[in-house]
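I sat down with this model today and kept short notes as I went. Here is what I looked up, entry by entry.

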Amino acid sequence: MAKAGFVTSITRQSEDFPAWYNDVVRKAELADYSPVRGCMIIRPYGYAIWESMRDELDRHIKRTGHQNVYFPLFVPRSLLEKEAEHVEGFNPQVAWVTHAGGEELNEWLAIRPTSETLIAEVVKDWIQSYRDLPLLMNLWNNVVRWELRTRLFLRTTEFLWQEAHTFHATEQEAVDEVATGLEAYRSVAEDWLAIPVIKGRKTENEKFPGAVYTLAVEALMRDGKALQAGTSHMLGQNFARAANIEFLDRDNERKNPHGTSWGFSTRMVGATIMAHGDDSGLVLPPNVAPVQVVIVPIFRSDEDRTAVAGAIKPLEAALRDSRRTLPDGRTEPVRFQVDWREETPGFKYNHWELRGVPFRLEVGPRDVAAEQGMLVKRIDRSKEPVPLDRLAAELPDRLDAYQREIFGRAVAFRDDNTHRIDEYDDFKRVLDEQPGFVLAPWCGDSACEKQISTDTGATIRIVPLDQSDEPGACLRDGRPSRQPALFARAY
Ligand SMILES: [Zn+2]
């Protein structure tokens with residue numbers, strides 16, 4: 001008795017991954033298309049997932065000494081064009097405001113694609129002395145990049161993100177800061193979203209326009225494609241020089257500060273869907289799940305309904321008082337919901353499985369008589385009868401175990417789908433037959449990298465940081481390679 005318009009079935013993941021993804025996003029009511037092409041409306045359930053990762057990252061950012069600030073949406077054209085290399089990288093993607101107040105503007109205003117140039121322009125008044133450094137700022141905002149091909153959460157014309165912008169007296173401090181940003185992203189991805197990531201350095205082709213170098217964390221999705229889960233850029237003195245930011249150092253010399261910037265966006269909602277989901281829909285890590293346990297009362301008669309409600313009531317009270325300890329030591333009650341809707345149990349099971357709720361507790365009249373409920377685990381649908389008076393006390397540990405299990409499963413999937421390859425023919429075959437990460441020797445040449453991408457559709461995601469030198473021969477041209485690079489087809 002599914003309601004008209006509510007489609008309970010979704011495309012199978014193995015049949016058509018992109019169609020599966022769209023079904024999950026739309027039918028789990030995470031996001032919707034907007035009247036403006038390429039923009040998205042984030043619905044309450046999707047926004048709650050975003051808020052959870054946003055808040056966790058915000059705690060990291062503040063714990064490491066950064067402060068939140070706000071800068072305007074509009075960037076004057078002259079500022080954006082100050083840093084030629086930077087603007088070239090964004091050129092076709094920038095949306096411009098040309099008219100306002102009923103007139104053509106003297107100077108066009110860009111809708112920020114990112115805030116580097118605007119910030120550099122403003123902070124030159126704030127940074128006068130080494131005592132004003134480091135300046136550690138973070139912005140939570142929206143940016144616009146005119147994308148031709150868009151997909152909900154993964155690539156949208158407007159998206160929400162965080163951009164940190166920092167200025168330092170010495171190069172080493174900036175280098176350390178780039179690593180701090182990257183570690184925040186690793187922690188949120190792995191410890192919060194249960195998505196294992198690999199840290200590495202982007203190639204010259206792939207680095208942020210205008211940066212000295214870019215570090216990134218890369219994750220593997222369940223279709224074997226890679227997704228960049230956060231980037232951290234060493235800007236060096238490039239932007240400071242272009243904007244004329246100078247400070248008087250301890251040695252009484254005027255110097256340009258060293259800058260960094262790092263960003264994490266609503267793409268990570270898409271990553272969470274694609275790293276864990278299955279044929280029934282979302283599989284959410286408990287840390288981020290808006291509902292961690294759903295209680296489904298099962299009844300036919302009013303008499304049964306009353307009995308079930310009576311058994312659930314003390315459980316609800318106990319759950320409200322429950323405390324689960326989070327990775328940083330904070331505690332919070334278990335997030336639960338009781339589904340009393342006038343629908344069949346089967347309808348409700350589908351509804352909550354689609355939404356990835358970690359645990360479902362079924363309570364019917366026979367369970368009430370036995371003072372228990374049937375606890376069903378979303379990740380493998382395993383069932384276990386549990387005493388109702390013990391559940392609230394046990395759930396925090398069960399959620400912790402579930403969080404570890406989902407991470408372990410993702411690590412195993414990634415390891416099973418990471419291939420070590422030396423020959424170009426093998427490389428092409430594996431990308432087609434068993435997509436995933438491919439570690440392969442590369443000579444370090446940009447033209448060679450581009451040719452590999454043209455030949456195979458795979459790009460160098462990163463050169464992993466945590467690997468020792470491993471001399472070899474470039475898989476395409478045989479020239480010497482110092483370390484393997486991590487290749488994949490990517491989102
Ligand atoms: Zn090569």
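**Entry 1: a covered helix.** For this entry I count a residue as buried when its relative accessible area is under 20%. I am working with a predicted model, by the way. With that cut-off, I find helix 10 (residues 345-354) mostly covered, as seven of its 10 residues are buried. I noted them down: Phe347, Lys348, Tyr349, His351, Trp352, Glu353 and Leu354. Then I asked myself what covers the buried residues of helix 10. My list includes helix 1 (17-27), along with strand 15 (293-297), strand 18 (336-338) and strand 19 (359-363). Just after helix 10 I came across Gly356, which takes a positive phi of about 75°.

**Entry 2: nonpolar cores.** I turned to the largest nonpolar core, which has 62 residues. Which of its residues touch the most other members? I got Leu30, Met53, Phe153, Met268, Ile273 and Met274. Helix 6 (residues 171-192) gives this core its largest share, eight residues. Both domain 1 (17-276) and domain 2 (293-397) contribute residues, so the core lies between them.

I followed Leu30 a little further. Setting aside neighbours within four places in sequence, I see Leu30 in contact with residues including Val24, Ile41, Tyr45, Phe153, Ile273 and Leu282. Apart from this core I found another, of 25 residues, with Ala194, Val334, Leu375 and Ile379 among them.

**Entry 3: a three-stranded sheet.** Next I looked at an open sheet of three strands, in the order 4-6-5, with antiparallel pairing. Strand 4 (74-76) and strand 5 (95-100) are at the edges with a single partner strand each, so one side of each has no neighbour in the sheet. On average, I read a turn of 45° between neighbouring strands of this sheet, direction ignored. How many bridges join strand 5 to strand 6 (residues 103-111)? I have five, and the two strands run antiparallel. Ala100 stands opposite Glu103 in strand 6.

**Entry 4: the zinc ion.** I finished with the metal. The zinc ion is coordinated by the SG atoms of Cys443, Cys448 and Cys474 and, twice, by an OD atom of Asp477, at 2.2 to 2.8 Å. I wrote the spacing of the donor residues in sequence as C-x4-C-x25-C-x2-D. Cys443 sits in the loop between strand 23 (437-441) and helix 14 (446-456), and Asp477 in the loop between strand 25 (472-473) and strand 26 (480-481), so this pair ties together parts that are 34 residues apart in sequence. I also checked Asp477 for exposure: Asp477 is partly exposed, with a relative accessible area of 28%.

Technical notes: Residues are numbered from 1 along each chain as its sequence is written. This is a predicted model: local features need pLDDT of at least 70, side-chain atom pairs count only at pLDDT 80 or more; totals for chains, interfaces and linings use all residues. Side-chain values use heavy atoms; hydrogens and water are left out. A nonpolar core is a set of buried Ala, Val, Leu, Ile, Met, Phe, Trp, Tyr and Cys residues joined through side-chain atoms within 4.5 Å. Buried means under 20% relative accessible area, exposed over 50%, partly exposed in between (1.4 Å probe, protein chains only). Helices (H or I, at least four residues) and strands (E, at least two) are DSSP runs, numbered from the N terminus. Domain bounds come from an automatic or database domain assignment. Contact means heavy atoms within 4.5 Å. Two strands pair if DSSP finds at least two bridges between them. Axes are lines fitted to C-alpha atoms, for helices over the stretch in contact, and angles run from 0 to 180 degrees between N-to-C directions. Donors are N, O and S atoms within 2.8 Å of the metal (3.2 Å for Na, K and Ca); water is not among the atoms, so sites may look incomplete.
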